[in-house]
Amino acid sequence: MKRLLLTFCSLAFISVSAQDHFSGISTSKRVGILNVGMNPSELSNLKSKFEVQIFAVSANVSNDKISLKDLNSDANIEDLIFKGNKPVNLNIDTEILGPGFAMKLSKWGFAVTTKGYIKANIIDVDTNLGSALANSTINSSTSGVTILNTSNQRINSTSWGELGFSASRIIFNKNKNVISGGVTLKLLFPGSFANVGIGNFNGTITGNSSGDLYLTNANTSMNIAYSGALANDFNDSSDYTRSVFGDLNGLATDIGINYILKDNDKSYKLKIGAAIKNLGSMTYKGDDNVSKNFNLEIKNSETLNLDVFENLNGIKDIETTLLNTGFVTLEDSKKEFKVKLPAVFNLYADLKIISKLNLTVFMQQKMNSNEGNNQITSQNIFSVTPRISLGYFEAYIPVAINEISGTTGGFGFRLGGFFLGSNSVLTALTSDTKQADFYTGFRWGFL
(Lines give C-alpha, C1' and ligand atoms only; values in the text may rest on other atoms or scores of the structure.)
Protein backbone atom coordinates (compact mmCIF):
# COMPACT_ATOMS: atom_id res chain seq x y z
CA MET A 1 0.00 0.00 0.00
CA LYS A 2 2.89 2.32 0.72
CA ARG A 3 4.24 1.86 -2.80
CA LEU A 4 0.78 2.39 -4.24
CA LEU A 5 0.26 5.70 -2.42
CA LEU A 6 3.77 6.92 -3.18
CA THR A 7 3.28 6.13 -6.86
CA PHE A 8 0.31 8.51 -6.97
CA CYS A 9 2.21 11.24 -5.12
CA SER A 10 5.21 10.86 -7.43
CA LEU A 11 3.13 10.75 -10.62
CA ALA A 12 1.55 14.02 -9.59
CA PHE A 13 4.79 15.95 -9.99
CA ILE A 14 6.93 13.74 -12.24
CA SER A 15 4.99 11.84 -14.90
CA VAL A 16 2.58 14.62 -15.94
CA SER A 17 2.30 18.02 -14.94
CA ALA A 18 -6.83 20.72 -13.00
CA GLN A 19 -9.09 19.51 -15.11
CA ASP A 20 -10.10 22.51 -17.21
CA HIS A 21 -8.37 21.17 -20.34
CA PHE A 22 -7.29 23.67 -23.02
CA SER A 23 -8.51 26.63 -20.97
CA GLY A 24 -8.57 29.78 -23.07
CA ILE A 25 -8.01 28.14 -26.44
CA SER A 26 -11.23 26.08 -26.14
CA THR A 27 -13.21 29.36 -26.16
CA SER A 28 -11.11 30.97 -28.89
CA LYS A 29 -12.79 33.27 -31.41
CA ARG A 30 -11.12 31.10 -34.05
CA VAL A 31 -13.72 28.36 -33.60
CA GLY A 32 -12.44 24.87 -34.38
CA ILE A 33 -12.52 21.26 -33.21
CA LEU A 34 -11.34 22.19 -29.70
CA ASN A 35 -14.41 24.41 -29.24
CA VAL A 36 -16.59 21.49 -30.34
CA GLY A 37 -15.11 19.39 -27.53
CA MET A 38 -16.50 21.92 -25.05
CA ASN A 39 -19.85 22.38 -26.82
CA PRO A 40 -20.94 20.50 -29.98
CA SER A 41 -23.16 23.39 -31.10
CA GLU A 42 -19.98 25.38 -31.84
CA LEU A 43 -19.66 23.36 -35.05
CA SER A 44 -22.06 25.85 -36.64
CA ASN A 45 -19.54 28.62 -35.89
CA LEU A 46 -16.48 27.04 -37.54
CA LYS A 47 -14.05 29.70 -38.71
CA SER A 48 -13.04 27.69 -41.79
CA LYS A 49 -15.16 25.55 -44.06
CA PHE A 50 -12.94 22.57 -43.28
CA GLU A 51 -10.58 21.84 -40.38
CA VAL A 52 -8.17 18.98 -39.73
CA GLN A 53 -7.04 18.27 -36.17
CA ILE A 54 -3.44 17.02 -36.32
CA PHE A 55 -2.76 16.51 -32.61
CA ALA A 56 -3.30 18.08 -29.19
CA VAL A 57 -2.43 17.12 -25.63
CA SER A 58 -3.31 18.57 -22.24
CA ALA A 59 -1.66 17.24 -19.07
CA ASN A 60 -2.80 18.55 -15.68
CA VAL A 61 -2.31 17.84 -11.99
CA SER A 62 -3.90 19.51 -8.98
CA ASN A 63 -3.95 18.80 -5.27
CA ASP A 64 -5.02 20.51 -2.06
CA LYS A 65 -1.85 19.92 -0.03
CA ILE A 66 1.45 20.51 -1.83
CA SER A 67 2.57 23.72 -3.53
CA LEU A 68 5.61 24.21 -5.73
CA LYS A 69 7.14 26.11 -2.82
CA ASP A 70 6.83 22.98 -0.67
CA LEU A 71 8.63 20.91 -3.30
CA ASN A 72 11.67 23.16 -2.96
CA SER A 73 11.97 22.19 0.71
CA ASP A 74 13.74 19.13 2.13
CA ALA A 75 10.48 17.46 3.19
CA ASN A 76 9.40 14.17 1.59
CA ILE A 77 6.36 14.23 -0.71
CA GLU A 78 4.57 11.59 1.37
CA ASP A 79 5.05 13.71 4.52
CA LEU A 80 3.68 16.79 2.77
CA ILE A 81 0.67 15.11 1.21
CA PHE A 82 -0.55 13.73 4.56
CA LYS A 83 0.13 16.78 6.72
CA GLY A 84 -2.65 18.40 8.74
CA ASN A 85 -6.20 17.10 9.16
CA LYS A 86 -7.76 18.16 5.86
CA PRO A 87 -8.56 15.14 3.62
CA VAL A 88 -6.20 14.54 0.71
CA ASN A 89 -7.44 15.18 -2.83
CA LEU A 90 -5.19 14.79 -5.85
CA ASN A 91 -6.10 14.77 -9.54
CA ILE A 92 -3.85 13.66 -12.39
CA ASP A 93 -5.59 14.14 -15.72
CA THR A 94 -4.32 13.82 -19.29
CA GLU A 95 -6.35 14.30 -22.48
CA ILE A 96 -4.87 13.34 -25.84
CA LEU A 97 -6.57 14.41 -29.08
CA GLY A 98 -5.77 12.30 -32.11
CA PRO A 99 -6.68 12.96 -35.74
CA GLY A 100 -9.99 14.71 -36.32
CA PHE A 101 -11.94 16.36 -39.12
CA ALA A 102 -14.69 19.01 -39.14
CA MET A 103 -16.65 20.68 -41.91
CA LYS A 104 -19.31 23.37 -42.28
CA LEU A 105 -22.04 23.09 -44.91
CA SER A 106 -24.51 25.98 -44.99
CA LYS A 107 -26.46 25.76 -41.70
CA TRP A 108 -24.90 22.43 -40.75
CA GLY A 109 -21.61 21.41 -39.18
CA PHE A 110 -20.15 17.89 -38.85
CA ALA A 111 -17.07 16.45 -37.15
CA VAL A 112 -15.30 13.17 -36.42
CA THR A 113 -12.85 13.17 -33.49
CA THR A 114 -10.60 10.76 -31.61
CA LYS A 115 -9.46 11.14 -27.99
CA GLY A 116 -7.66 9.24 -25.26
CA TYR A 117 -7.91 9.84 -21.50
CA ILE A 118 -5.66 8.90 -18.58
CA LYS A 119 -6.74 9.75 -15.03
CA ALA A 120 -5.47 8.93 -11.54
CA ASN A 121 -6.94 10.24 -8.29
CA ILE A 122 -6.70 10.27 -4.53
CA ILE A 123 -10.15 11.23 -3.23
CA ASP A 124 -10.97 12.39 0.32
CA VAL A 125 -8.33 10.19 1.99
CA ASP A 126 -8.03 10.76 5.75
CA THR A 127 -4.53 12.04 6.54
CA ASN A 128 -4.07 9.80 9.59
CA LEU A 129 -5.10 6.67 7.71
CA GLY A 130 -3.02 7.62 4.66
CA SER A 131 0.04 8.42 6.78
CA ALA A 132 -0.31 5.14 8.69
CA LEU A 133 -0.35 3.13 5.46
CA ALA A 134 2.29 5.13 3.59
CA ASN A 135 4.66 6.27 6.36
CA SER A 136 3.90 3.95 9.28
CA THR A 137 3.17 7.10 11.33
CA ILE A 138 0.08 9.00 12.47
CA ASN A 139 -0.52 12.74 12.69
CA SER A 140 -0.99 12.72 16.45
CA SER A 141 1.11 13.61 19.46
CA THR A 142 -0.45 10.73 21.38
CA SER A 143 0.12 7.02 20.95
CA GLY A 144 -3.14 6.54 19.07
CA VAL A 145 -5.91 8.17 17.07
CA THR A 146 -9.55 7.28 16.44
CA ILE A 147 -10.87 7.91 12.93
CA LEU A 148 -14.55 8.43 12.12
CA ASN A 149 -14.88 9.12 8.40
CA THR A 150 -18.27 8.85 6.70
CA SER A 151 -17.02 9.59 3.17
CA ASN A 152 -15.82 7.04 0.63
CA GLN A 153 -12.02 7.36 0.55
CA ARG A 154 -10.73 6.28 -2.85
CA ILE A 155 -7.60 5.62 -4.85
CA ASN A 156 -8.60 5.32 -8.48
CA SER A 157 -7.11 5.17 -11.97
CA THR A 158 -8.83 4.96 -15.35
CA SER A 159 -7.89 5.02 -19.02
CA TRP A 160 -10.17 4.91 -22.05
CA GLY A 161 -10.45 5.94 -25.67
CA GLU A 162 -13.19 7.74 -27.52
CA LEU A 163 -14.44 8.08 -31.11
CA GLY A 164 -16.86 10.99 -31.50
CA PHE A 165 -19.39 11.90 -34.21
CA SER A 166 -20.74 15.45 -33.93
CA ALA A 167 -23.42 17.40 -35.75
CA SER A 168 -24.71 20.94 -35.32
CA ARG A 169 -27.28 23.16 -37.02
CA ILE A 170 -28.27 26.82 -36.99
CA ILE A 171 -31.88 26.76 -35.82
CA PHE A 172 -32.56 30.52 -35.74
CA ASN A 173 -30.91 33.36 -37.64
CA LYS A 174 -32.61 36.76 -37.77
CA ASN A 175 -31.69 40.39 -37.09
CA LYS A 176 -28.16 39.63 -35.92
CA ASN A 177 -29.44 36.95 -33.51
CA VAL A 178 -28.24 33.38 -34.16
CA ILE A 179 -29.04 30.24 -32.18
CA SER A 180 -27.39 26.88 -32.86
CA GLY A 181 -27.78 23.43 -31.33
CA GLY A 182 -25.52 20.40 -31.51
CA VAL A 183 -24.93 16.88 -30.29
CA THR A 184 -21.98 14.49 -30.11
CA LEU A 185 -22.33 10.70 -29.97
CA LYS A 186 -19.25 9.05 -28.47
CA LEU A 187 -18.20 5.43 -28.85
CA LEU A 188 -16.17 4.44 -25.78
CA PHE A 189 -13.25 2.01 -25.65
CA PRO A 190 -12.45 1.22 -21.98
CA GLY A 191 -8.74 0.47 -21.48
CA SER A 192 -7.83 -0.14 -17.84
CA PHE A 193 -9.34 0.55 -14.42
CA ALA A 194 -8.37 0.20 -10.77
CA ASN A 195 -10.19 1.31 -7.63
CA VAL A 196 -9.77 0.93 -3.89
CA GLY A 197 -12.67 2.44 -1.95
CA ILE A 198 -12.95 2.60 1.85
CA GLY A 199 -16.40 3.74 2.98
CA ASN A 200 -17.67 4.74 6.43
CA PHE A 201 -14.36 4.01 8.14
CA ASN A 202 -14.51 3.69 11.92
CA GLY A 203 -11.41 2.51 13.78
CA THR A 204 -8.51 3.27 16.11
CA ILE A 205 -4.85 3.25 15.11
CA THR A 206 -2.35 2.74 17.94
CA GLY A 207 1.42 2.38 18.06
CA ASN A 208 3.97 0.61 20.26
CA SER A 209 7.53 1.29 21.34
CA SER A 210 8.88 -0.58 18.31
CA GLY A 211 7.15 1.78 15.91
CA ASP A 212 4.53 -0.72 14.74
CA LEU A 213 0.99 0.50 14.06
CA TYR A 214 -2.13 -1.53 14.79
CA LEU A 215 -5.76 -1.12 13.77
CA THR A 216 -8.33 -1.98 16.45
CA ASN A 217 -12.10 -1.67 16.98
CA ALA A 218 -12.58 -1.11 13.27
CA ASN A 219 -15.43 -1.42 10.82
CA THR A 220 -15.57 -0.37 7.19
CA SER A 221 -16.89 -1.34 3.78
CA MET A 222 -14.40 -1.76 0.94
CA ASN A 223 -14.49 -1.97 -2.83
CA ILE A 224 -11.63 -3.45 -4.83
CA ALA A 225 -11.95 -3.39 -8.61
CA TYR A 226 -9.47 -3.83 -11.45
CA SER A 227 -9.35 -4.44 -15.17
CA GLY A 228 -6.69 -4.40 -17.87
CA ALA A 229 -3.04 -3.49 -17.36
CA LEU A 230 -3.58 -1.98 -13.89
CA ALA A 231 -4.78 -5.27 -12.40
CA ASN A 232 -1.32 -6.57 -11.58
CA ASP A 233 0.98 -3.64 -10.86
CA PHE A 234 0.08 -0.07 -9.92
CA ASN A 235 3.67 1.18 -9.96
CA ASP A 236 4.70 0.83 -13.62
CA SER A 237 3.87 4.19 -15.24
CA SER A 238 3.81 2.54 -18.70
CA ASP A 239 0.70 0.62 -17.63
CA TYR A 240 -1.20 3.93 -17.58
CA THR A 241 -0.58 4.53 -21.29
CA ARG A 242 -0.22 1.18 -23.04
CA SER A 243 -3.92 0.27 -22.95
CA VAL A 244 -5.78 3.55 -23.43
CA PHE A 245 -7.92 2.08 -26.23
CA GLY A 246 -9.62 -1.22 -25.41
CA ASP A 247 -12.58 -2.88 -27.11
CA LEU A 248 -15.75 -0.94 -27.94
CA ASN A 249 -17.94 -1.20 -24.85
CA GLY A 250 -19.78 2.01 -24.05
CA LEU A 251 -21.71 5.02 -25.30
CA ALA A 252 -21.93 8.65 -24.21
CA THR A 253 -23.27 11.91 -25.53
CA ASP A 254 -22.72 15.68 -25.33
CA ILE A 255 -25.60 18.12 -25.94
CA GLY A 256 -25.16 21.86 -26.40
CA ILE A 257 -26.66 25.13 -27.53
CA ASN A 258 -25.24 28.59 -28.19
CA TYR A 259 -26.50 32.10 -28.90
CA ILE A 260 -24.68 34.82 -30.87
CA LEU A 261 -25.43 38.53 -31.06
CA LYS A 262 -23.67 39.61 -34.25
CA ASP A 263 -21.56 42.72 -34.57
CA ASN A 264 -21.11 42.21 -38.30
CA ASP A 265 -20.83 39.27 -40.70
CA LYS A 266 -17.34 38.38 -39.42
CA SER A 267 -17.61 39.10 -35.72
CA TYR A 268 -19.98 39.18 -32.76
CA LYS A 269 -20.67 41.33 -29.74
CA LEU A 270 -21.70 38.49 -27.47
CA LYS A 271 -21.70 34.69 -27.50
CA ILE A 272 -23.33 32.53 -24.81
CA GLY A 273 -23.06 28.74 -24.75
CA ALA A 274 -24.25 25.88 -22.56
CA ALA A 275 -23.59 22.16 -22.78
CA ILE A 276 -24.05 18.94 -20.84
CA LYS A 277 -21.09 16.65 -21.42
CA ASN A 278 -20.25 12.99 -20.83
CA LEU A 279 -23.72 11.54 -20.30
CA GLY A 280 -22.95 7.84 -20.43
CA SER A 281 -20.93 4.92 -19.12
CA MET A 282 -18.66 2.11 -20.26
CA THR A 283 -18.36 -1.51 -19.21
CA TYR A 284 -15.09 -3.08 -18.14
CA LYS A 285 -14.88 -6.81 -18.66
CA GLY A 286 -12.35 -9.46 -19.60
CA ASP A 287 -10.41 -12.43 -18.28
CA ASP A 288 -8.49 -10.35 -15.73
CA ASN A 289 -11.41 -8.32 -14.47
CA VAL A 290 -13.19 -8.15 -11.11
CA SER A 291 -15.13 -5.88 -8.76
CA LYS A 292 -15.50 -7.09 -5.17
CA ASN A 293 -17.17 -5.57 -2.11
CA PHE A 294 -15.86 -6.52 1.32
CA ASN A 295 -16.73 -5.87 4.94
CA LEU A 296 -13.82 -5.41 7.36
CA GLU A 297 -14.52 -5.85 11.08
CA ILE A 298 -12.02 -5.98 13.96
CA LYS A 299 -13.69 -6.63 17.32
CA ASN A 300 -12.77 -6.31 20.99
CA SER A 301 -9.06 -7.04 21.62
CA GLU A 302 -8.30 -8.13 18.04
CA THR A 303 -5.62 -6.15 16.19
CA LEU A 304 -4.37 -5.83 12.61
CA ASN A 305 -0.70 -4.95 12.13
CA LEU A 306 -0.69 -2.34 9.34
CA ASP A 307 2.83 -3.40 8.33
CA VAL A 308 1.22 -6.15 6.25
CA PHE A 309 0.34 -3.46 3.67
CA GLU A 310 3.96 -2.35 3.21
CA ASN A 311 5.54 -2.71 -0.26
CA LEU A 312 2.42 -3.91 -2.08
CA ASN A 313 2.65 -3.41 -5.85
CA GLY A 314 -0.92 -3.62 -7.05
CA ILE A 315 -4.61 -4.16 -6.46
CA LYS A 316 -4.37 -7.95 -6.47
CA ASP A 317 -1.73 -7.79 -3.72
CA ILE A 318 -4.06 -5.66 -1.59
CA GLU A 319 -6.94 -8.08 -2.15
CA THR A 320 -4.83 -11.13 -1.23
CA THR A 321 -3.36 -9.44 1.86
CA LEU A 322 -6.80 -8.41 3.11
CA LEU A 323 -8.19 -11.91 2.74
CA ASN A 324 -5.18 -13.35 4.58
CA THR A 325 -5.83 -11.14 7.62
CA GLY A 326 -9.04 -13.04 8.40
CA PHE A 327 -10.89 -9.80 9.21
CA VAL A 328 -12.77 -9.37 5.92
CA THR A 329 -15.83 -11.06 4.49
CA LEU A 330 -16.78 -10.99 0.82
CA GLU A 331 -20.18 -9.40 0.18
CA ASP A 332 -20.39 -9.77 -3.60
CA SER A 333 -18.18 -10.19 -6.66
CA LYS A 334 -18.67 -9.27 -10.33
CA LYS A 335 -16.67 -10.16 -13.43
CA GLU A 336 -17.81 -7.02 -15.26
CA PHE A 337 -18.89 -3.59 -14.08
CA LYS A 338 -20.03 -0.25 -15.48
CA VAL A 339 -18.08 2.95 -14.90
CA LYS A 340 -19.79 6.34 -15.22
CA LEU A 341 -18.11 9.14 -17.18
CA PRO A 342 -17.50 12.49 -15.41
CA ALA A 343 -20.70 14.27 -16.45
CA VAL A 344 -20.42 18.08 -16.26
CA PHE A 345 -22.47 21.15 -17.12
CA ASN A 346 -20.58 23.89 -19.01
CA LEU A 347 -21.78 27.50 -19.20
CA TYR A 348 -19.80 30.33 -20.78
CA ALA A 349 -20.12 33.81 -22.24
CA ASP A 350 -17.70 35.69 -24.52
CA LEU A 351 -18.15 39.46 -24.62
CA LYS A 352 -16.49 41.93 -26.99
CA ILE A 353 -15.11 44.76 -24.82
CA ILE A 354 -13.48 46.82 -27.56
CA SER A 355 -12.10 45.97 -30.97
CA LYS A 356 -9.67 43.01 -30.70
CA LEU A 357 -10.29 42.60 -26.93
CA ASN A 358 -12.76 40.04 -25.53
CA LEU A 359 -13.57 38.73 -22.06
CA THR A 360 -14.70 35.13 -21.55
CA VAL A 361 -16.42 33.84 -18.39
CA PHE A 362 -16.58 30.05 -18.01
CA MET A 363 -18.12 27.71 -15.43
CA GLN A 364 -17.87 23.92 -15.12
CA GLN A 365 -20.21 22.21 -12.64
CA LYS A 366 -19.89 18.49 -11.97
CA MET A 367 -23.19 16.61 -12.08
CA ASN A 368 -22.28 13.58 -9.97
CA SER A 369 -20.54 13.01 -6.65
CA ASN A 370 -16.97 11.70 -6.78
CA GLU A 371 -17.65 9.23 -3.95
CA GLY A 372 -19.14 6.41 -6.04
CA ASN A 373 -16.69 3.57 -6.65
CA ASN A 374 -17.83 3.38 -10.28
CA GLN A 375 -17.62 7.15 -10.87
CA ILE A 376 -14.80 8.82 -12.82
CA THR A 377 -14.09 12.09 -11.05
CA SER A 378 -14.51 15.71 -12.12
CA GLN A 379 -14.28 19.06 -10.34
CA ASN A 380 -16.01 22.43 -10.26
CA ILE A 381 -14.23 25.32 -12.00
CA PHE A 382 -14.89 29.01 -12.59
CA SER A 383 -12.62 31.09 -14.83
CA VAL A 384 -12.34 34.55 -16.37
CA THR A 385 -10.19 34.97 -19.50
CA PRO A 386 -9.31 38.28 -21.17
CA ARG A 387 -8.00 37.77 -24.71
CA ILE A 388 -6.52 39.76 -27.56
CA SER A 389 -7.48 38.47 -31.02
CA LEU A 390 -5.51 39.75 -34.02
CA GLY A 391 -6.69 37.25 -36.60
CA TYR A 392 -3.62 35.07 -37.16
CA PHE A 393 -2.41 35.68 -33.58
CA GLU A 394 -4.27 35.40 -30.28
CA ALA A 395 -3.13 35.67 -26.65
CA TYR A 396 -5.07 35.16 -23.41
CA ILE A 397 -4.70 35.00 -19.63
CA PRO A 398 -7.08 32.50 -17.92
CA VAL A 399 -7.64 33.15 -14.19
CA ALA A 400 -9.53 30.34 -12.48
CA ILE A 401 -10.88 29.14 -9.15
CA ASN A 402 -10.59 25.34 -8.99
CA GLU A 403 -12.36 23.13 -6.47
CA ILE A 404 -9.15 21.31 -5.51
CA SER A 405 -6.17 23.59 -6.16
CA GLY A 406 -7.74 26.99 -5.50
CA THR A 407 -6.85 30.09 -7.56
CA THR A 408 -4.61 29.78 -10.63
CA GLY A 409 -3.43 32.16 -13.32
CA GLY A 410 -2.13 31.09 -16.72
CA PHE A 411 -1.10 32.28 -20.15
CA GLY A 412 -1.53 30.93 -23.67
CA PHE A 413 -1.26 31.94 -27.29
CA ARG A 414 -2.26 30.83 -30.76
CA LEU A 415 -0.22 31.42 -33.90
CA GLY A 416 -2.24 30.30 -36.89
CA GLY A 417 -3.21 26.70 -36.16
CA PHE A 418 -0.54 26.14 -33.49
CA PHE A 419 -1.29 26.81 -29.83
CA LEU A 420 0.55 26.51 -26.52
CA GLY A 421 -0.51 27.39 -23.02
CA SER A 422 -0.87 26.66 -19.32
CA ASN A 423 -3.65 27.32 -16.83
CA SER A 424 -1.18 27.89 -13.98
CA VAL A 425 2.13 29.24 -15.34
CA LEU A 426 1.67 32.72 -13.81
CA THR A 427 0.86 31.40 -10.32
CA ALA A 428 3.71 28.90 -10.70
CA LEU A 429 6.11 31.85 -10.88
CA THR A 430 5.12 32.69 -7.29
CA SER A 431 6.07 29.12 -6.21
CA ASP A 432 2.81 28.88 -4.30
CA THR A 433 0.47 27.11 -6.71
CA LYS A 434 -0.99 23.66 -6.06
CA GLN A 435 -1.52 23.01 -9.76
CA ALA A 436 0.79 22.43 -12.69
CA ASP A 437 -0.27 21.87 -16.30
CA PHE A 438 0.39 22.54 -19.95
CA TYR A 439 -1.25 22.00 -23.32
CA THR A 440 -0.26 22.26 -26.94
CA GLY A 441 -1.47 21.22 -30.36
CA PHE A 442 -1.90 22.00 -34.03
CA ARG A 443 -4.91 22.11 -36.33
CA TRP A 444 -5.26 23.27 -39.92
CA GLY A 445 -8.29 25.12 -41.28
CA PHE A 446 -8.86 25.88 -44.93
CA LEU A 447 -11.44 27.46 -47.27
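A cavity is a set of grid points where a 1.4 Å probe fits but cannot get out. I looked up the enclosed and open spaces of this predicted model with that in mind.

**Entry 1: the second largest cavity**

I noted a volume of about 150 Å³ for the second largest cavity. Its lining comprises 13 residues, and Leu133, Ile198, Phe201, Met222 and Phe309 lie nearest the centre. I then asked which elements each supply at least two residues of this lining. They are α5 (127-135), β6 and β7 (213-227). The largest share comes from β7, with three residues. By class, I recorded 12 nonpolar residues, one polar and no charged residues in the lining of this cavity.

**Entry 2: the largest pocket**

I turned next to the largest pocket, whose volume is about 830 Å³. The pocket is lined by 33 residues. Nearest its centre I found Lys29, Lys47, Asp265, Lys266 and Ser267. Strands β5, β8 (250-264), β9, β16 (381-390) and β22 each contribute at least two residues to the lining. How does the lining of the largest pocket divide by class? I recorded nine nonpolar, 12 polar and 12 charged residues.

Lys29, one of the residues nearest the centre of the largest pocket, also appears in a charge-ring arrangement. The charged end of Lys29 sits over the ring of Tyr268, 5.2 Å from the ring centre.

**Entry 3: aromatic pairs**

I found 12 aromatic pairs in the structure. One of them joins Phe193 and Tyr284, with 5.4 Å centre to centre and 40 degrees between the planes, and is tilted. Phe193 belongs to strand β6 (residues 177-207) and Tyr284 to strand β9 (residues 267-285), so this pair links distant parts of the chain, 91 residues apart. I checked whether these two rings are buried or exposed. Phe193 counts as buried because its relative accessibility is 1%, and Tyr284 is buried as well, with a relative accessible area of 1%.

I then examined Phe419 and Tyr439. Their ring centres are 6.3 Å apart and their planes stand at 45 degrees, so this pair is also tilted. Because Phe419 lies in strand β21 (residues 418-422) and Tyr439 in strand β22 (residues 435-446), the pair ties together parts that are 20 residues apart in sequence. Both residues are buried.

I also noted a cluster in which ring pairs link Phe50, Phe101, Trp444 and Phe446.

**Entry 4: Thr283**

I looked up Thr283, which is placed in strand β9. Thr283 is buried, at a relative accessible area of 13%. Which residues does Thr283 touch, not counting those up to four places away in sequence? I listed Pro190, Asn249, Glu336, Phe337 and Lys338.

**Entry 5: positive phi**

Asp124 is not a glycine, yet I read a positive phi of about 55 degrees for it. Asp124 is placed in strand β4 (residues 108-125). At 22% relative accessibility, I entered Asp124 as partly exposed, because buried means under 20%.

Lys176 is a further residue other than glycine with a positive phi, near 70 degrees. Where does Lys176 lie? I located Lys176 in the loop between β5 (144-174) and β6. Its relative accessible area is 45%, so Lys176 is partly exposed.

Terms used: Residues numbered from 1 in each chain as written. Predicted model: local features only at pLDDT ≥ 70, side-chain atom pairs only at ≥ 80, totals over all residues. Heavy atoms only, no water. Phe/Tyr/Trp six-rings, centres within 6.5 Å; stacked < 30°, edge-to-face > 60°. Helix = DSSP H or I, 4+ residues; strand = E, 2+ residues; numbered from the N terminus. Buried < 20%, exposed > 50% of the residue type's maximum accessible area, 1.4 Å probe, protein only. Lys NZ or Arg CZ within 6 Å of the ring centre and 35° of its normal. Contact = heavy atoms within 4.5 Å. 1 Å grid on protein atoms, 1.4 Å probe; cavity = no way out; pocket = protein on both sides within 12 Å on 5 of 7 lines; lining within 4 Å. Points joined across faces, edges and corners; volume = space filled by probe spheres on them. Nonpolar A, V, L, I, M, F, W, Y, C, P; charged D, E, K, R; others polar.
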